[in-house]
Every structure is written in C-alpha cells, then in structure tokens.
Amino acid sequence: MTISALMPVYPRCDVRPVKGDHCHLIDEDGTRYLDFASGIAVNLLGHSHPALIGAIQRQAETLMHVSNLYGSPQGEELAQMLVDKTFADTVFFTNSGAEAVECAIKTARAYHQSAGNTDKFEIITFTNAFHGRTMATISASNQKKMHTGFMPLLAGFKYAEFDDLESAKALMGPNTAGFLVEPIQGEGGIRPASAEFMQGLRQLCDENDLMLVLDEVQCGVARTGKLYAYEHYGIEPDIMATAKGIGGGFPLGACLATEKAARGMVFGTHGSTYGGNPLAMAAGKAVMDTVANDEFLAKVRELGDRLRSRLEQFIGNYPELFELVRGEGLMLGLKMKVESRPFFVHLRDNHQLLTVAAGDNTLRVLPPLVIGDAEIDEFMDKLSAGAASYESPEG
Ligand SMILES: *Cc1c(COP(=O)(O)O)cnc(C)c1O
C-alpha cells in the first residue's frame, strides 16, 4: 500500500500544528508560527478566544445535535441575528462554503422555476472565480485545473470576464437566471470588483428580473471592515453565501436570501442533516456577538489601514519583488512581480510566517481580526527579513 491514509489531494507541507495560541500556531516540534493565514480566512478570533471556546463548551454539554425535523431555538436566534444585520429575510445553514454556494445556486434557479419559468437555469459567473469543490461549484468556475478528471461538468454556467460589465451583458439570454460573483476574489488573488461593475450587475438584475448572487464565503463576516463586503458597494444582493469566518473555526456556512428570492425554497425542496446544529449555532452566535458591531468593525478598518500603509511603504524597498497592495480591511493581497508561491514557502519555512498563496502571483495576507500592533510589528519584521533573505529562483 503506498497511498497515504489521508487521501493525498493536498500538497501538505512540514508544518504540523498541534496547538493554537491567539495569533500563533505551534507545531509538533514546538516551532511557533505567526498565523496571517487564519485557516484561510476562518479563524477571525484567532486560536484560543475565550468567548468562542466557552460557547462551544457550554453547548457541547447541553445539546450537540438534533434533527432538523424539530424546532430550533438555537438556529432561530442566529438566523434572526443575520436577518437583523444584513439584506436578508431568511437563512439556510450549511456546514461549508461550497454547500452554501450550492444552496444559493438552487435558490436562484428555484426563484424562476417555481414561478413556471423552467427555461431559466443559467448562472453567469466570472473568470478566476472560486466557489468550492463540489460538482456544481467547480462547474461555476472557469478554472480548468479544478475540472480535469471530473468531466462532465454540470450544465448551466457561463463565464464572463471578471469586473467587465459588457462581458457579463453579452452572455445574457433567455435562459439566464442570474449572476454569481465574489465582490472581492479570494483564491483568484484578492481582486476587488469595481463599484461600477457591482452596481451595473445590480441594475442588470433589476431590469431583467435576475438574481444577484454573491459569494462572500471568503470576504464576508467582518473581514473587510464591514460585516459583508457588499456594503462597500452601496448595493444589496438577492442571495448570498457566507461561511469560513462565520464559525470562527467551527464548520459553519449559510445561504441568505430575501423573501422574494427565496420564493421557491419551500417545504421539502432542500435540506441538510448537520446544517444548523446547536453546536454550530453556538459557535456562530459567539462570532457574531463579537464581530457584528460598529466598534469591532471600525477597529478592523483601522488595523487594515495601518497594515496596508506599512505594506505600501515596505514594497517600495523591493521594487523588483512587489508590484502593489490591494484588498480591503484585513483581506489584503501583495501582488508580486515574481512567482509568489516560492516566496510564500520561504516566509513559512525560513521565517515562521504563515500567509496564503493565491492566483495572479499574489500573496494573501489574512490575519485573525483580533491582531494588535504587536502582531503587525512582528509580521512586518518577518516579512522584511524574508524579503531581505530571499533569492528568487527566477534570479
Ligand atoms: C473557500 C471558498 C469557498 C468554498 O468553501 P468550502 O468551505 O471550502 O467549501 C467558496 N467560495 C469562496 C469565495 C471561497 O473562498
């Protein structure tokens, strides 16, 4: 037998964390890493936040799981919090981002098809998008590397150019059900859509009775300094997927929708055994209690501005390595002039700094939202030392 016990789909590295401590990870042999990856935008509150630990402990002792056939006081409470703080009127809880996007796609199709428009099924998505790894969500992305070996794709997706309204318009037709877009592409390289683009999509949806579906799995939940990134654009979606940060590390996602958009999601149309279980609800509520308030969000914006200006100053010292800084709040990307992956490995292995590689030669900087000046200083020290000691394999 040569296959590993863990199905070998990830190129796992030698960092083997066994403990978390606020914004640091400690691995098997005791090495401490500064974690500016946050489990890919998941650990909003860092690794040992007392409110999150306490909420999970208390709920685990009380009631861990029941079927969705029973009433859910825990689910009602978290759903109401999300309804109160967002565009949405109704929430379906999932266990992951891909499932939240799946529910969003189904909701958009059902909006039309439940009203008799059975030919409306096509969702227009955008180049370099990432929506997850299920069959529907890989079909929603134009990235070939996720398709190979898994053909045929699910029908009903068309890919327009990201941030290009004309390209989106050109793909519209009698089968169009709506658009699915990340306001700030994560995996694609921390690429924010422009306000004109997002407002243009909203207008196309309004004029043609289409669903604007946002994938805020990575950019949502206070990451950008607003509870959800759509708030930066002065628009509201019809349907939105959220996950990653919302459980703070506990697996949790959700599909949010307006009452109108959810008109097809009636009894028996959708479900999940684990979705919305009391333990997940306790985690989500602890995260929302901490981050969904003006004071916390203002702090994220302030920290984001500080980190960004430090980064902008810093890249001036290495014009041969770095091109620009982009992103919003604490969702930042360093676009490099050389391949970003070897630099990301160098920071990890030689400077104990964890970031995330992304498309478009971009290094993702996604710290826990609870960093302070000490962590920003430590990050800049490690990054500076990493840049100074870096010998690019490209020469
Ligand atoms: C991570 C991610 C997903 C998929 O989430 P999973 O929890 O891995 O299924 C979907 N969309 C975006 C934008 C993501 O960043």
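## Annotated residues and a helix pair

Setting aside residues up to four places away in sequence, Arg 133 touches Ala 98, Ile 138 and Met 146. This is a predicted model, and the briefing below follows Arg 133 and other residues annotated in UniProt, together with Asn 43 and a pair of packed helices. The UniProt records come from an unreviewed entry, in which one "binding site" annotation covers Arg 133 and Ser 272, another takes in residues including Ala 98 and Gln 218, and a modified residue is placed at Lys 244.

**Arg 133 and Ser 272**

- Arg 133 sits in the loop that runs between strand 5 (122-126) and helix 5 (135-139), and it counts as exposed because its relative accessibility is 60%, where over 50% is required.
- UniProt's unreviewed entry joins Arg 133 with Ser 272 under the "binding site" annotation; of these residues, the lining of the second largest pocket includes Ser 272.
- Ser 272 belongs to the loop between strand 12 (253-257) and helix 8, and, with neighbours within four places in sequence left aside, Ser 272 is in contact with Asn 68, Phe 92, Asn 95 and Glu 99.

**The eight-name "binding site" annotation**

- Gly 97, Ala 98, Phe 130, Asp 215, Glu 216, Val 217, Gln 218 and Thr 273 are covered by a "binding site" annotation in the unreviewed UniProt entry. These residues span 177 residues in sequence and their farthest two C-alpha atoms are 25.3 Å apart, so they do not all gather at one spot. From this set, Thr 273 is taken in by the lining of the largest cavity.
- Ala 98 is part of helix 4 (residues 97-113) and counts as buried because its relative accessibility, at 13%, is under 20%.
- Beyond neighbours within four places in sequence, the contacts of Ala 98 are His 131, Gly 132, Arg 133, Thr 134 and Thr 137.
- Gln 218 is located in the loop between strand 10 (211-215) and strand 11, and with 6% relative accessibility Gln 218 counts as buried.
- Not counting residues up to four places away in sequence, Gln 218 touches Ile 40, Ala 41, Gly 186, Glu 187, Arg 223, Lys 244, Met 331, Arg 364 and Leu 366.

**Lys 244 and Asn 43**

- The feature "modified residue: N6-(pyridoxal phosphate)lysine" is assigned by the unreviewed UniProt entry to Lys 244, a residue in the loop between strand 11 (239-242) and strand 12.
- When residues up to four places away in sequence are not counted, Lys 244 touches Ile 40, Ala 41, Val 42, Val 217, Gln 218 and Leu 252.
- Asn 43 is found in the loop linking helix 1 (38-41) and helix 2 (50-62), and with a relative accessible area of 13% Asn 43 is buried; apart from residues up to four places away in sequence, Asn 43 touches Ser 38, Gly 248, Gly 249 and Pro 368.

**Helix 3 against helix 8**

- Helix 3 (residues 73-85) packs with helix 8 (residues 278-291) at an angle of about 35°, their axes being 9 Å apart, and the crossing of helix 3 past helix 8 is left-handed.
- From helix 3, Gln 74, Gly 75, Glu 77, Leu 78, Met 81, Leu 82 and Lys 85 meet Pro 278, Met 281, Gly 284, Lys 285, Met 288 and Asp 289 of helix 8. The residues of this contact divide into six nonpolar, three polar and four charged.

Definitions and conventions. Residues numbered from 1 in each chain as written. Predicted model: local features only at pLDDT ≥ 70, side-chain atom pairs only at ≥ 80, totals over all residues. Heavy atoms only, no water. Axes fitted to C-alpha atoms, helices over the stretch in contact; angles between N-to-C directions. Helix = DSSP H or I, 4+ residues; strand = E, 2+ residues; numbered from the N terminus. Left-handed = near helix turned anticlockwise from the far one by under 90°. Contact = heavy atoms within 4.5 Å. Nonpolar A, V, L, I, M, F, W, Y, C, P; charged D, E, K, R; others polar. UniProt positions renumbered as here; feature names shortened; annotations may be inferred. 1 Å grid on protein atoms, 1.4 Å probe; cavity = no way out; pocket = protein on both sides within 12 Å on 5 of 7 lines; lining within 4 Å. Buried < 20%, exposed > 50% of the residue type's maximum accessible area, 1.4 Å probe, protein only.
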